[in-house]
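Trainee: Could you take me through the aromatic rings in this one? I would like a close look at how they pair up and what surrounds them.

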Amino acid sequence: MRWLWAGVVGVVVALLAWQAGKPAEPIRVGVLHSQTGTMAISEQPVIDATLLAIEQINARGGVLGRPIEPVVVDGASDWPTFRRAAERLIQTEQVATVFGCWTSASRKTVLPVFEKYDHLLIYPVQYEGLEQSPNIVYTGAAPNQQITPAVRWSLAQPGWGRRVYLVGSDYVFPRTSGATIRAQV
């Protein structure tokens, strides 16, 4: 029995030594933002920041000794393209996670893909709240962190009056934040 355990330990040690001598396999991550179309001007700096962060992590030895390999895909400022790209990153490119989406509409479009494959999206910008998913890490401010304090401060200013006018574009974030402001006022 002692010889059996010694043999098992010897094989494990040999495998670990063999593995330690091999180059570390990279961790592939998706970067899904618009490089073309109307949203490219807003999303390109986020791509650049993500790639810079990956470069800095790799310069320090990666994650647990493994380098991070970004797979950058263009969402083309088009919701169906975002959905197809998310599916490609998960299924074909087999990334560990995806950093991406700028608009609430693009996030809402890819959400079913991430839930279907039980995969993770890191969403980097503010969002309207009122949504939660175990498959999305929402890193930006929600209305209670950004809009609610600004409205409270504005209403407290002497001489500004109590009339409030909301002006904005017609898409998910302004509609939802507008409703939040109306309820607060």
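Mentor: Happy to! One cut-off first: a residue counts as exposed when its relative accessible area is over 50%, and as buried when that value is under 20%. Keep in mind that this is a predicted model. W160 has a relative accessible area of 51%, so it is classed as exposed.

Now to the pairs themselves, of which the structure holds 2. One of them joins Y127 and Y138: the ring centres are 4.4 Å apart and the planes meet at 20 degrees, so this pair is stacked. The stacking links distant parts of the chain, since Y127 sits in the loop between β4 (121–123) and β5 (136–138), while Y138 belongs to strand β5, 11 residues apart from its partner. Both Y127 and Y138 are buried. The other pair brings together W153 and exposed W160. Here the arrangement is edge-to-face, with 5.4 Å from centre to centre and 90 degrees between the planes.

There is also a charge to look at: R107 lies over the face of Y123, 4.8 Å from the ring centre.

For the wider setting, the chain has 6 helices and 5 strands, arranged along the sequence as α-β-α-β-α-β-α-β-β-α-α. Of its 185 residues, 35% are buried. Among contacts between residues at least 6 apart in sequence, 55% join residues at least 24 apart. As for the surface, the chain exposes about 11600 Å², and carbon and sulfur atoms supply 60% of that area.

Definitions and conventions
Residues numbered from 1 in each chain as written. Predicted model: local features only at pLDDT ≥ 70, side-chain atom pairs only at ≥ 80, totals over all residues. Heavy atoms only, no water. Helix = DSSP H or I, 4+ residues; strand = E, 2+ residues; numbered from the N terminus. Buried < 20%, exposed > 50% of the residue type's maximum accessible area, 1.4 Å probe, protein only. Contact = heavy atoms within 4.5 Å. Areas by Shrake-Rupley, 256 points an atom, 1.4 Å probe, with all protein chains shown as cover. Phe/Tyr/Trp six-rings, centres within 6.5 Å; stacked < 30°, edge-to-face > 60°. Lys NZ or Arg CZ within 6 Å of the ring centre and 35° of its normal.
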